[in-house]
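Visitor: I would like to walk through this protein with someone who can explain what I am looking at. Could you take my questions one by one?

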Amino acid sequence: MVWQPGVDQLEEGEELQFDPSAYNYLRGFDIGWPCLSFDIVHDSLGLVRTEFPHTVYGVAGTQAEQASWNYIGIFKLSKIRGKRHELLPKQSTGNDDDDDDDMESDSSSDEEDNEDEGGESQPILQARLVLFYFLFFSLELLLIIHSLYSCLILHKVAHQGGVNRIRSMYQKPHICATWADTGHVQVWDFSAYLNKLAESETDVSMGATSIEHHSPIIKYDGHNEEGYAIDWSPNKPGRLVSGDCKSCIHLWEPTSGSWNVDTNPFLGHTASVEDLQWSPTEEDVFASCSVDGKIAIWDTRVGKSPALSVKAHDADVNVISWNRLASCMMASGSDDGTFSIRDLRFIKGDSLVAHFQYHKHPVTSIEWCPHEQSTLAVSSADNQLTIWDLSLERDEEEEAEFKAKLKEQATTPEDLPPQLLFVHQVLTLSRK
């Protein structure tokens, strides 16, 4: 049967059983202190990676117990080896010996997949580690599934105050911007550290590296309050926007070796700016969302007020994601657990395309798949990561056929949205 987190309750003596066959790869890593924000650093290893082992670079910012203990973690995760699984479970013949043979065969096949590093038999990972991105949102997940070997190399750079948000520039990934809980925004050049990571294959024990001191390129103190919203333009290298909890948004323009920050802010929201997203197609247009429940569209060429504004949710709008494959579509996630999809071509009228009330706690992250324009992932404070395909509709005949193949091994609740593809339930761990 399908167990719904936040809906179904475990009876006395019942416990959930984890099924590792749902994952090609799942592993958690701890870089020290809890991390509120991370980003994947774009590299030159290819956009669509079809063969294991994989390598991924990233940056993450800590929320340490004391302000002076905070740092930015610059890491490389390599030698990621996955597993291949059948879409449907093998049908039982009713013969226990045959079932035992099948289990031994599956185990042997898994071991061969782990040892094999090339060839046509490698699993295809088409989503460019999208699931991996969201699983890293916790960064304290200590669950290790399967005996898969990988290598984590980490550099730590001291950061003044906790890191509310960190973002790597798409065109120049070694350039990163951080929002600090002290109220300042900094831009860093991490090229030296990333070059070291690219050249090294030596495993560094987590937490064993010392914290290095590295000066930022620029530190901006013009925000009157801390913030969380920040985004690099995908169309104009170096262009940046940052938004704070006092509803102010500042535009950063690159200059020779630094940035000019416009001290005259964009104003239009009546509460904290929670997230910012540049248009995937227009270099002068960006979007914002706010605690005031609105999404606003801004054009830097026509003044400091929103070009468009729409009431998107009845509660705080925590996050937005602009679809880079279908630039008219925008997703938003709210504090009430709902998320919505809007068609910006109809933003002045009825732009709502879909509205989902699946999650039971605030939506904390939302992102479109970079290869499938109808697919997106949503994470929530209810400890779930969900993956959705908006192109799907309920097909009763197909469901009946699938159930027949499973021989009623699974039952699906009638009210489960047909667009919901996958649910990952994160284990909650207590610190002592």
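What follows is a conversation about the model, from the whole chain down to single residues.

Visitor: Before we start, what kind of model is this?
Guide: Residues are numbered from 1 along each chain as its sequence is written, and side-chain values use heavy atoms, with hydrogens and water left out. Local features need pLDDT of at least 70 and side-chain atom pairs count only at pLDDT 80 or more, while totals for chains, interfaces and linings use all residues, since this is a predicted model.

Visitor: How many helices and strands does the protein chain have?
Guide: Both are DSSP runs numbered from the N terminus, helices being H or I with at least four residues and strands being E with at least two. By that rule the protein chain has four helices and 25 strands.

Visitor: What share of the residues is buried?
Guide: Buried means under 20% relative accessible area, exposed means over 50%, and partly exposed lies in between, with a 1.4 Å probe and protein chains only. Of the 432 residues in the protein chain, the buried share is 47%.

Visitor: In what order do the strands of the open sheet β22-β23-β24-β25 stand, and which ones are at the edges?
Guide: Strands pair here if DSSP finds at least two bridges between them. The four strands follow the order β22-β23-β24-β25, with antiparallel pairing. Each edge strand has a single partner, so one side of it is left without a neighbour in the sheet; these edge strands are β22 (363-368) and β25 (420-425).

Visitor: Which residue stands opposite threonine 386?
Guide: Strand β24 covers residues 384-389 and is joined to β25 by five bridges, the two running antiparallel. The residue in β25 opposite threonine 386 is valine 423.

Visitor: How many disulfides does the structure hold?
Guide: A disulfide is a covalent bond between the sulfur atoms of two cysteines. The test used here asks for a pair of cysteine sulfur atoms within 2.5 Å. Cysteine 176 is buried at 1% relative accessibility, and cysteine 369 is buried at 9%. The number of disulfides in the structure is zero.

Visitor: How do phenylalanine 266 and phenylalanine 286 pair, stacked or edge-to-face?
Guide: Rings of Phe, Tyr and Trp (its six-membered ring) pair if their centres lie within 6.5 Å; planes under 30 degrees apart are stacked, over 60 edge-to-face, and the rest tilted. The count by this rule is 14 aromatic pairs. For phenylalanine 266 and phenylalanine 286, the centres are 5.5 Å apart and the planes meet at 90 degrees, which makes the pair edge-to-face.

Visitor: Where does each of those two phenylalanines, 266 and 286, lie?
Guide: Phenylalanine 266 is buried at 2% relative accessible area, and phenylalanine 286 is buried at 0%. The pair links distant parts of the chain, 20 residues apart: phenylalanine 266 is in the loop between β13 (259-261) and β14 (273-278), and phenylalanine 286 is in strand β15 (residues 285-290).

Visitor: Which residues form one aromatic cluster?
Guide: Phenylalanine 286 also forms a stacked pair with tryptophan 298, at 5.9 Å centre to centre and 10 degrees between the planes. Tryptophan 298 is buried, at 1% relative accessibility. The members of the cluster are Phe266, Trp278, Phe286 and Trp298.

Visitor: Is asparagine 383 buried, partly exposed or exposed?
Guide: Asparagine 383 lies in the loop between β23 (375-380) and β24. Its phi is near 70 degrees, a positive value in a residue other than glycine. With a relative accessibility of 31%, asparagine 383 counts as partly exposed.
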